[in-house]
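Colleague: Please take a close look at a single part of this model, and place that part within the chain as a whole.

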Amino acid sequence: MRSLVEVLDPSTAPHADLAAWASVYADGQSEVSGSAPEPEALVRQLLRTPAGEAWRWSARAEPGDPVQGVAELRRQPHDVRLGFLRLFVDRAARRRGLGRALREAAAAEARSLGVVGLQSTVLAGPPGEPFANSSPYLRTLLRLELQRQYLDEETLRRCWGVASRPRPGYRLTHWLDEAPDALAASFGRVLDHVLDSPGAILQTGARSWGADQVREWERRMTDDGSRLVVGAALDRTTDEVVAATVSTVTRGPVADQHDTAVLPGHRRRGLASRVKATQALRVHDLFPHVEAMAVTINRENAPMLAVNRSLGYQRVSERLLVEESLVHEG
């Protein structure tokens with residue numbers, strides 16, 4: 001069967017195609033990452049994305065069929081020679097060649113842009129891992145564990161027990177969407193240390209986080225309509241952020257827990273556990289529709305895996321960060 005692959009231009013695509021594209025994308029992202037933006041919010045984001053920031057394709061088995069496969073290519077911010085590909089096919093349409101056709105279209109475009117390697121995340125095991133490994137030029141960079149923290153009574157009680165034990169010299173706080181002006185710079189210095197965790201350099205690049213960079217990052221994190229929730233620990237002597245954890249919340253039942261970092265001079269004092277425990281309680285209080293927190297952690301990051309286990313996180317699945325070389329001979 002020959003799949004029909006088309007470039008998706010949000011500015012000219014019929015609304016039905018945009019809606020179907022967003023629905024397939026959201027379902028696939030939820031399967032791989034545990035949560036996803038709502039399709040309606042994703043459509044709005046598609047229409048706002050500037051030209052040249054992302055390249056997208058849709059796939060269907062026959063002309064006139066609904067969109068059943070989607071792909072999105074972006075350059076990696078930390079290395080423009082690398083692309084990041086998100087590719088999803090509706091469950092009912094898998095094993096029909098749509099995924100392969102989408103990958104070929106994305107790889108061809110990436111080569112024309114000077115991209116030398118194409119990264120993506122896939123679920124370990126079938127169908128994602130065998131599909132990824134069908135390329136002989138692919139290597140696995142990281143093995144990642146997808147976890148969920150269900151905000152049930154037992155877990156909340158456990159988090160309260162951790163959060164309520166004060167650590168002398170520190171106080172806990174949180175904010176929504178934008179850091180207070182007085183905390184933006186020190187929060188940025190904490191974000192500088194996200195790269196200290198194992199394997200982080202393969203997913204993001206080194207940069208200096210000043211207040212302006214924090215504001216730009218906040219805009220990106222909320223561009224799809226998500227609410228940004230940050231939990232932080234402040235040093236009482238300086239009133240500056242020394243530890244923080246980040247979550248995003250949509251109207252869906254699962255929130256994403258992103259980066260957690262502690263300044264080197266304040267580690268091994270239980271601050272990561274305290275900010276993450278407090279974060280769970282805040283999300284539960286502020287967004288009662290949220291039933292669980294989802295997070296992905298490098299399996300080599302033993303300290304954070306231990307923190308999460310203590311706070312009731314459970315392993316859901318395993319996924320792989322893979323990279324396909326686009327500069328091979330032939």
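**From the whole chain to one helix**

Modeller: Among contacts (heavy atoms within 4.5 Å) between residues at least 6 apart in sequence, 72% join residues at least 24 apart. The model is predicted: local features need pLDDT of at least 70 and side-chain atom pairs pLDDT 80 or more, while totals for chains, interfaces and linings use all residues. Residues are numbered from 1 along each chain as its sequence is written, and side-chain values use heavy atoms, leaving out hydrogens and water.

The part chosen is helix α2, residues 39–48, whose buried residues are Ala41, Leu42, Val43, Gln45 and Leu46. Buried means under 20% relative accessible area, exposed over 50% and partly exposed in between, with a 1.4 Å probe and protein chains only. Helices (H or I, at least four residues) and strands (E, at least two) are DSSP runs numbered from the N terminus. An α-helix has 3.6 residues a turn, so residues three or four places apart point the same way. The cover over the buried residues of α2 includes α1 (15–33) and β2 (55–60).

In the wider setting, an unreviewed UniProt entry annotates residues 8–182 as "domain: N-acetyltransferase"; such annotations, given in the numbering used here with shortened feature names, may be inferred rather than shown by experiment. That stretch is 35% helix and 30% strand, with its end C-alpha atoms 43 Å apart.

The protein as a whole has nine helices and twelve strands. Of its 330 residues, 51% count as buried. The C-alpha trace spans about 65 × 40 × 35 Å along its principal axes.
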